[in-house]
Amino acid sequence: MRLGLSLLNFRPGRIGGTETFLRQLLAHLPAAMPDDRLVAVLYRDLAEALPTPGFERVVVSRGDRAVIAARILEAYTPWRDRGLERLFGSLALDVTLFPQQSIFPKRAPGKAVLTAVDVQHLIHPEHFGLFDRTFRPAIYPFSMARAEIVATISGHVRDTVVERCGIPAEKVISVPLGWTPRGRQDAAPLPSLGTGYLYYPAYSHPHKNHLALLRSYAALRSRGLVTSRLVLTGGRTGYWRTISRAIRDLGLSGQVVDLGLVPYADVPRLYAGAEAVLFPTRYEGFGLPVLEAVEQGKKVITSRLPVFDEIGVPARFQIDFDRPEELAAALALPGPTVLETRPSTWSEMAAGYARLLRRVAEKPPTWRPDPAARPDRTPAP
């Protein structure tokens with residue numbers, strides 16, 4: 001079979017855990033589908049930076065900004081990217097996987113499988129700016145309805161898609177993200193930080209709930225119940241200004257260390273030096289950093305979310321971060337945190353996608369393209 005993987009939405013360095021998912025999918029899918037021909041569709045800038053061994057490469061001769069502009073136009077207007085429609089038609093794919101929430105171009109010929117990472121905008125619209133609050137409803141429902149199958153990254157996301165998006169339950173299948181169990185590693189802490197700090201790795205999005213963590217941390221410091229520094233890492237969004245102001249107003253400027261976006265190779269060393277790893281987030285589609293921290297033998301304290309139940313975080317390590325006394329009690333618990341369920345490996349995740357893609361490729365399509373988008377050999381501009 002000839003199976004496509006669209007990477008036209010992939011923006012390295014800007015998409016957090018989704019980037020880990022995409023890189024692991026690229027790394028493991030060829031081994032899961034050794035008898036099939038895999039085709040990766042990339043835009044020019046990405047093709048220059050991302051190797052895709054095991055995939056035939058089809059490079060669209062456009063830069064990052066041109067692809068983003070076309071996606072926005074398709075979402076908000078009747079305009080269609082017919083050049084890309086023709087390109088996908090010319091590839092004669094049995095099925096294409098669109099692994100990032102939306103199908104682009106919207107009317108690409110052929111059968112499609114869509115990965116839904118989250119539908120957080122339906123649960124916490126207050127976490128999003130105007131663009132996301134309009135863009136997501138403009139493209140996500142169409143993509144889910146157009147896809148033959150919607151794959152979700154957890155059972156929690158699957159349940160939310162079925163309940164909130166009106167997608168038939170039989171069309172939505174959970175293929176959980178994986179991890180790489182390597183055994184506890186002897187990573188050396190970063191000399192500049194030493195050891196014994198509390199650590200939170202997360203982009204500065206509102207739903208990551210830095211403010212609740214900072215308030216509770218400040219309250220515990222004022223009572224002498226915590227003396228450890230708090231270390232933050234992750235890309236800084238526009239919301240970082242609010243977080244930075246809270247650090248200053250709570251009198252924490254000397255106790256909170258923010259390193260911003262750090263190289264992934266430094267993450268095990270940051271875990272190694274931590275007394276405990278904290279995840280106060282209000283929403284997660286899965287929670288890959290939790291698995292990473294557990295694998296490093298750390299005490300891991302999370303918020304109370306269904307997805308953390310799903311991946312096996314014990315109830316005693318799930319707290320309300322708005323309540324300082326719960327954070328103090330969890331920090332006093334003996335560690336490390338041990339998951340109550342075994343997560344999937346990345347190889348198992350890839351095998352799940354392989355089964356799903358073959359199943360869709362072998363059945364008749366339920367969606368048919370507009371006759372005006374007849375495939376030909378004309379390349380995309």
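Colleague: In this predicted model, which residue of strand 13 stands opposite Ser303?

Modeller: Ile319 is the one facing Ser303 there.

Colleague: And what makes you call strand 12 and strand 13 a pair?

Modeller: Count the bridges: strand 12, residues 300-303, shares two bridges with strand 13. A pair needs at least two bridges, so strand 12 and strand 13 qualify. The sense of this pairing is parallel.

Colleague: Where do those strands sit in their sheet, and in what order do its strands come?

Modeller: The order is 10-9-8-11-12-13, an open sheet of six strands with parallel pairing. Its edges are strand 10 (256-258) and strand 13 (318-319).

Colleague: What makes strand 10 and strand 13 edge strands?

Modeller: Each of them pairs on one side only.

Colleague: Which strands of the sheet does helix 7 touch?

Modeller: Helix 7, residues 210-222, packs on the sheet and touches strand 8 (197-201), strand 9 (230-233), strand 10 and strand 11 (274-279). Its direction makes about 170° with that of strand 9. Angles over 145 degrees count as roughly antiparallel, so helix 7 and strand 9 fall in that class.

Colleague: Helix 7 also packs with helix 12, so how do you class that angle: parallel or perpendicular?

Modeller: The angle between helix 7 and helix 12 (residues 324-332) is about 75°, and the axes are 9 Å apart. The range for roughly perpendicular is 65 to 115 degrees, so helix 7 is roughly perpendicular to helix 12. From helix 7 come Leu213, Ser216, Tyr217, Ala219 and Leu220, which meet Pro324, Leu327 and Ala328 of helix 12. That contact has seven nonpolar residues, one polar and no charged ones.

Colleague: Let's move to helix 3 and helix 5. How do their axes lie to each other, and why call it that?

Modeller: The axes of helix 3 (64-76) and helix 5 (130-146) cross at roughly 70° and come within 8 Å. Since 65 to 115 degrees is the perpendicular range, helix 3 and helix 5 are therefore roughly perpendicular. The crossing is left-handed. On the helix 3 side, Arg71, Ile72, Ala75 and Tyr76 make the contact, and on the helix 5 side Phe131, Thr134, Phe135, Ala138 and Ile139 do. By class, those residues are seven nonpolar, one polar and one charged.

Colleague: What about helix 1 and helix 13: is their crossing left-handed or right-handed?

Modeller: Start with the angle: helix 1 (17-32) and helix 13 (346-361) cross at roughly 70°, with axes within 8 Å. That makes helix 1 roughly perpendicular to helix 13. Their crossing is right-handed. Helix 1 contributes residues including Phe21, Leu25 and Leu29, while helix 13 contributes, among others, Trp346, Met349 and Tyr353. The whole contact counts 10 nonpolar, four polar and one charged residues.

Colleague: Now the other sheet. What is its strand order?

Modeller: Seven strands, in the order 3-2-1-4-5-6-7, make an open sheet with parallel pairing. Strand 3 (56-60) and strand 7 (172-174) are its edges, each pairing on one side only. From one strand to the next, the twist averages 25°.

Colleague: How do you know that strand 5 is mostly covered?

Modeller: Five of its five residues are buried. Ala112, Leu114 and Ala116 point one way and Val113 and Thr115 the other way, all of them buried.

Colleague: What pairs strand 5 with strand 4 and strand 6, in terms of bridges?

Modeller: Strand 4 (95-98) and strand 5 share three bridges, in the parallel sense. Strand 5 and strand 6 are parallel over four bridges. At least two bridges are needed for a pair, so strand 5 and strand 6 count. Leu114 is the bridge partner of Phe98, and Leu114 also stands opposite Val150 in strand 6. In turn, Val150 has Val172 of strand 7 as a bridge partner.

Colleague: One last residue. Why do you count Gly260 as you do, buried or exposed?

Modeller: The cut-off for buried is under 20% relative accessible area. Gly260 has 8% relative accessibility, so it counts as buried. Gly260 lies in the loop between strand 10 and helix 9 (267-273). Leaving out residues up to four places away in sequence, Gly260 touches Leu232, Thr233, Gly234 and Arg236.

Notes:
Residues numbered from 1 in each chain as written. Predicted model: local features only at pLDDT ≥ 70, side-chain atom pairs only at ≥ 80, totals over all residues. Heavy atoms only, no water. Contact = heavy atoms within 4.5 Å. Axes fitted to C-alpha atoms, helices over the stretch in contact; angles between N-to-C directions. Parallel < 35°, antiparallel > 145°, perpendicular 65-115°, else oblique. Left-handed = near helix turned anticlockwise from the far one by under 90°. Nonpolar A, V, L, I, M, F, W, Y, C, P; charged D, E, K, R; others polar. Buried < 20%, exposed > 50% of the residue type's maximum accessible area, 1.4 Å probe, protein only.
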